[in-house]
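Visitor: I am new to this structure and would like a close look at a single part of it. Please take one helix, and then tell me about what surrounds that helix.

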Amino acid sequence: MSGFFSALFSALDPLCGPVGLFSLFGSGTLVACGEAGWGDEIAFGVGITISLALATLPVGLFLGFLIALAAQSEEKLLRLATGIYTTIFRGLPELLTLFIVYYGLQILIQSVLASLGYEGRVEINAFLAGMVALAVVFSSYSSEVLLSAFRAIPRGQYEAGDALGLHRGRTMRLIVLPQLIRIALPGLTNLWLILLKDTSYVSVIGLADILRQTGIAARVSKEAFFFYFIASLLYLIIAMISSFGLGFVERWAKRAETAR
Amino acid sequence: MTYVRELIAPQPAPLAPARPLTGARIAGIAILILWALLAAGLIAMVIGGWDQDKFLRYGPRYLNGLWTTLSLVSLAVVFGALLSLPIAFARMSQNRALNGIAYAYVYVFRSTPLLAQLFLIYYGLGSFKPQLESVGLWWFFREAWYCGLLSFVLNTAAYQAEILRGAIESVPRGQHEGAAALGLSKRIAFGKIILPQALIVALRPYGNELVLMIKGSAVVAIVTVYDLMGETRYAFSRTFDYQAYLWAAIFYLAIVETLRHVWAFLEPRLTRHLKR
């Protein structure tokens with residue numbers, strides 16, 4: 001069964017599959033697939049970039065939702081705590097956040113292990129570090145988007161939920177959340193496109209994403225312009241596809257409004 | 001006839017209702033304690049790991065890096081603003097070819113990572129050394145600083161063009177018509193009526209763009225420019241002292257927060273004639 005799925009995925013591979021971009025147009029050039037060129041390496045990088053962004057998205061959204069909830073609570077202390085969080089992570093450069101998470105987690109785990117009596121070098125997974133750093137940044141931005149969406153929902157909606165005898169969780173799930181998604185979607189679309197671009201920073205800590213793979217290819221083949229051009233083109237294509245797809249989602253979310 | 005014979009004796013104010021210890025309150029206190037612990041840990045780290053020698057060696061380098069970052073970003077934003085003018089006007093023009101070119105420029109530069117643009121300019125154009133030497137531009141593309149500046153200018157011009165276009169289009173039609181009714185020429189109407197109103201709308205997005213540029217400028221460290229991030233990486237690679245990153249974080253946070261407060265002061269100040 002798994003063999004079937006892997007065969008299906010390799011057949012549908014948009015870059016190096018049987019009907020892939022590189023295998024159709026790139027054979028005989030520097031981006032040929034297999035041993036002849038860099039096509040399959042770059043395709044691997046595309047996979048890493050997309051999976052990093054997709055893995056970050058739910059974590060960041062969930063964290064951002066929690067922070068938005070906390071930021072609109074009546075409790076002053078909770079608001080202060082979230083304010084500190086968003087101020088720090090919206091103010092730091094993404095690259096610096098990545099380094100702080102990457103080296104900081106390493107030092108933290110190493111010191112914890114050292115106190116338990118384990119003396120050895122700890123290497124943290126670059127994918128994990130990248131995911132944590134990007135999720136933290138994404139959550140602090142998405143919390144702002146979600147917070148303003150929360151504020152756009154009138155109080156009457158909550159009161160209506162109370163009047164119907166729904167408890168808080170059900171009011172949130174059945175009444176507030178569907179409207180929240182509709183209002184927040186344009187902002188979240190923007191953040192997703194920013195997240196896709198921010199994944200390029202993980203190439204600096206050694207994760208084999210698009211930019212790192214094309215960078216290696218550029219250094220080996222001495223065709224830097226060509227390979228970085230390919231990298232930019234790939235990011236452009238991913239952004240185009242995702243904004244196209246998210247356009248559909250947005251229309252789907254707004255289907256109740258257009259009927260009116 | 002009834003009337004009050006005795007006044008009610010003065011009483012103390014009713015007690016404030018006790019604030020219950022809700023879940024939100026506990027969570028808030030817990031997170032604040034966590035933040036305080038973190039801050040205490042960082043301060044302990046700085047005090048415990050204080051090294052006069054390192055401070056004297058890397059302190060001036062950090063200030064140098066700070067200056068590099070600030071000058072790079074301010075030059076990039078100014079040149080980007082100049083470049084964004086023709087792009088914004090092309091984007092608003094009726095000419096479809098011009099409009100398409102401007103749209104493509106904005107789309108491409110906004111949806112590819114700054115890092116990829118920087119690599120494309122520094123390493124990519126750098127590989128055309130003989131051609132660049134023959135046209136006498138090699139001195140420009142040889143220096144990482146100039147390449148960083150160029151990529152920032154191109155990048156921020158795309159963003160600023162969109163900001164400017166949105167702001168100009170947000171000025172209502174009636175303002176154009178009013179100016180025309182007063183017999184003002186298009187040029188004067190634009191300079192005296194449209195642009196001032198548009199710039200007020202654009203003030204906040206411009207502030208955001210400035211912050212984004214400051215944060216984005218950290219990428220030049222990767223192509224060997226010693227800006228704030230570059231000096232940080234240098235100090236860390238020499239000392240393996242985690243404090244290097246903490247100091248950078250403090251500097252960046254200070255810059256961004258200063259900008260945010262300046263903008264928070266500027267905006268009500270510049271829009272005070274709109275308040276009723």
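Guide: What follows begins with helix α5 of chain A and then moves outward to the two chains around it.

This is a predicted model, in which local features need pLDDT of at least 70 and side-chain atom pairs count only at pLDDT 80 or more, while totals for chains, interfaces and linings use all residues. Residues are numbered from 1 along each chain as its sequence is written, and chains are lettered from A and ligands numbered from 1 in the order in which they are written. Helices (H or I, at least four residues) and strands (E, at least two) are DSSP runs, numbered from the N terminus.

At 1.5 Å a residue, the 22 residues of α5(A) should span 32 Å, and the C-alpha atoms at its ends are 31 Å apart, which agrees; the expected span is 1.5 Å times one less than the number of residues in the helix. A residue is called buried if 20 or more other C-beta atoms lie within 10 Å of its own, exposed if 12 or fewer do, and partly exposed in between, with C-beta atoms placed from the backbone. By that rule the buried residues of α5(A) are A:E94, A:L95, A:L96, A:T97, A:L98, A:F99, A:V101 and A:Y102. What covers these residues comes from both chains: it includes α4, α6 (126-152) and α8 of chain A, together with α9 (186-216), α10 (228-239) and α11 (243-270) of chain B. Just after α5(A), A:G117 takes a positive phi of about 100°.

The cover from chain B leads to the interface, where 37 residues of chain A are in contact with 36 residues of chain B, two residues being in contact if their C-beta atoms, placed from the backbone, lie within 7 Å. On the side of chain A that touches chain B, the elements giving two or more residues are α4 (76-91), α5 (94-115), α8 (168-198), α9 (210-221) and α10 (224-253) of chain A, and of these α10(A) gives the most, with nine residues. The residues of this side divide into 27 nonpolar, six polar and four charged, where Ala, Val, Leu, Ile, Met, Phe, Trp, Tyr, Cys and Pro count as nonpolar, Asp, Glu, Lys and Arg as charged, and the others, Gly among them, as polar.

Elsewhere in chain A, the assignment gives domain 1 (54-206) and domain 2 (208-237), with bounds that come from an automatic or database domain assignment. The centres of domain 1 of chain A and domain 2 of chain A, taken over C-alpha atoms, are separated by 31 Å, and five residues of domain 1 are in contact with five residues of domain 2. As for confidence, pLDDT is the predictor's confidence in each residue, from 0 to 100; chain A averages 87, and 90% of its residues score at least 70. Among the elements of chain A, helix α1 (residues 2-12) has the lowest mean pLDDT, at 61, and α6(A), one of the helices covering α5(A), has the highest, at 94. Where pLDDT is low, the predicted coordinates should not be read in detail.

Turning to the partner, chain B has eleven helices and zero strands, and 30% of its 276 residues count as buried. Two loops of chain B adjoin helices that help to cover α5(A). In the loop between α9 and α10 of chain B lies B:T224, which has a positive phi of about 65° although it is not a glycine, and which counts as partly exposed, with 13 C-beta neighbours inside 10 Å. In the loop between α10 and α11 of chain B is B:F240, again with a positive phi, about 50°, although it is not a glycine; B:F240 is exposed, with 10 other C-beta atoms within 10 Å.

B:T68, in helix α2 (residues 52-92) of chain B, counts as buried because it has 22 C-beta neighbours inside 10 Å. Not counting residues up to four places away in sequence, B:T68 touches B:V225, B:Y226 and B:D227; B:T68 and B:V225 are 157 residues apart in sequence and 8.7 Å apart in space, C-alpha to C-alpha. By contrast, helix α8 (residues 173-181) of chain B lies largely in the open, because the number of buried residues among its nine is zero.
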